[in-house]
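Please open the structure in a viewer and keep the selection panel at hand. The tour proceeds by stops, each with a selection to make and a description of what is found there.

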Amino acid sequence: MWKFTSPRIIFGRDSVEHVELFRDKKCLIVTDDVIKNLGFVDAVSKYLGSHETVTIRAEEPGIDDAMELADEMRSLQPEVIVALGGGSVIDAAKAGRILMETDIEPEEITPFTDLSEYGFEGRSTLVAIPTTSGTGSEATWAIVLKNRKERRKAIMANEKAMPEIAVVDPVFVYSMPENLVIYSGFDALAHAIEAFLSSFSNPFSDALALSSARTILDNFHRSYQGDRDSREKMHISATMAGVAFSNSQVGTVHALAHATGASLNIPHGLAVAIFLLPVLEFYREQRVERLNELSLKVGCDVLREVEKLESMFEIWKSISGSEIKRHEGEVVKKAMEDSCVVTAPFVPEEKDLEEIIERVMERCMREEY
Ligand SMILES: [Fe+2]
C-alpha cells in the first residue's frame, strides 16, 4: 500500500497574500537575521494581525537552536507558525513545533514514531514560505539540523513534521545571490533525479520528479542570469521536486552530501553539486536501468546536462580536494550510516563510496594544481 502526501501549496506571484487568511490568529514568524534585513519579514507581516517574530541562527542552525525555539514557542503559544527562510529556518520551525508540544528527544523523531504517543496534537498550523529554490523543505517530512556536538547532520523525519501550507511566491527569490542560485539549483535538480532513481519511487513521485527535472534543466542558466520567468519556474520546480522526494526518497548523492557538509562545514547545495555527477557516473557503470529511463523520459542525456552545468559553474573551484582527502574516512563512515543510502538504486558499500570520493578529489586537485 502506498500513500501520497503533500501540503496545500499556494504558488505564483503575490501568493504571499494568502497569509491574510490568518489575520485574526495569533501568529509567530520564525526567520533569521539575513532574511529580516532583506525586508522579507515586512513583506509577510503586513498581511498579518497580531504577531511576534523570532529569529534563529542564520548559519547552520542545530538541534540546540530548535530546542531554544521550542521554548519560545511554548511561551508564546502561537496558533499559526510562519516559517520564512531557507531550508534551515523551515526545518528548525518543523522541529520546534513538535518539540513545543512534546518532550521527545529530537533524534527520536523518525518516520515510524507515533508522535501522538508523546502528546503531539498539532495545535499550531505551520505555514512555510521558502526564500530559496532548493531544499523543498516547505513540502517534505524531513528535518535536517546540525548536531554540533558530534559534527554531523541529524536527519529526522515524520509525516507530522510536514507543513500544512507551503506558500511558494517568487518575490522572495528574485534577488537571490548568484551562489545561492547555483547551489540551490543543484540541490533541487538532485532531489528530482534521486526521487526518480529511488527504490521507493512510484507513479506520483515520478510525475513530479520528471517534470521538475525537465524544467530545472531548461531554466537553470537563465535563472542564474537573472531572468525572472526562469527564476519563477525554478522556484515552483524546487517545491515539486521536494514533494517528489518526500514521497519517494533521495539516495547516495544526499548521503555523501550530508556527511561532507557536516565534516567540511560547506553549504548543503554545494555538497550536493560536487557529488551529483560522480554518483550518476557510478550508477551508469553499475548499469542502473532507471538512469536510462530517466534520460528517455526527460528527453535528453541527463548525465551530459549535469556535466554541462558543472563546468559552466566551475563547481570544482569551490571546494578543496585536500580537505576532502583529510576527512575521507569520516565522510564514508557518516554516509554509510545515513538512511538515504538504503533507497539508492544501487546500494553502495564502503569501497564504492571511497571510489566516488576519489573521483571528486581527483577533479578538485586538478583545479588546485
Ligand atoms: Fe537536498
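**First stop: α3 and α4**

The helices α3 and α4 cross in a right-handed sense. The model on display is a predicted one. To view this crossing, select residues 63–76 for α3 and residues 87–101 for α4. The two helices pack with their axes 8 Å apart, at an angle of about 55°. Because of that angle, α3 is oblique to α4.

Next, show the side chains at the contact. On the α3 side, select Ala66, Met67, Leu69, Ala70, Met73 and Arg74. Their counterparts on α4 are Ala92, Ala93, Ala95, Gly96, Arg97, Leu99 and Met100. Colouring by class gives ten nonpolar residues, one polar residue and two charged residues in the contact of α3 with α4.

**Second stop: α5 and α10**

Now select α5, residues 178–197, together with α10, residues 289–298. How close do the axes of α5 and α10 come, and at what angle do they cross? The axes come within 9 Å, and the crossing angle is roughly 125°. With an angle between 115 and 145 degrees counting as oblique, α5 and α10 are therefore oblique to each other. Their crossing is right-handed.

For the side chains here, select Ile193, Phe196 and Leu197 in α5. These residues meet Arg290, Leu291, Glu293, Leu294 and Lys297 in α10. By class, the contact of α5 with α10 contains five nonpolar residues, three charged residues and no polar ones.

**Third stop: the cavity**

Keep α5 selected and add α7, residues 228–246. Each of these two helices supplies at least two residues to the lining of the largest cavity. A search of the whole structure finds one cavity of 30 Å³ or more, and the volume of the largest cavity is about 30 Å³.

Which residues line the largest cavity? Select Ser133, Met176, Val181, Ser184, Gly185, Ser223, Arg231 and Met234 to display the lining. The largest share of this lining, three residues, comes from α5. Grouped by class, the lining has four polar, three nonpolar and one charged residues.

**Looking back**

To close, display α5 with both of its settings in view: α5 meets α10 through Ile193, Phe196 and Leu197, and α5 also contributes three residues to the lining of the largest cavity.

Terms used:
Residues numbered from 1 in each chain as written. Predicted model: local features only at pLDDT ≥ 70, side-chain atom pairs only at ≥ 80, totals over all residues. Heavy atoms only, no water. 1 Å grid on protein atoms, 1.4 Å probe; cavity = no way out; pocket = protein on both sides within 12 Å on 5 of 7 lines; lining within 4 Å. Points joined across faces, edges and corners; volume = space filled by probe spheres on them. Helix = DSSP H or I, 4+ residues; strand = E, 2+ residues; numbered from the N terminus. Nonpolar A, V, L, I, M, F, W, Y, C, P; charged D, E, K, R; others polar. Axes fitted to C-alpha atoms, helices over the stretch in contact; angles between N-to-C directions. Parallel < 35°, antiparallel > 145°, perpendicular 65-115°, else oblique. Left-handed = near helix turned anticlockwise from the far one by under 90°. Contact = heavy atoms within 4.5 Å.
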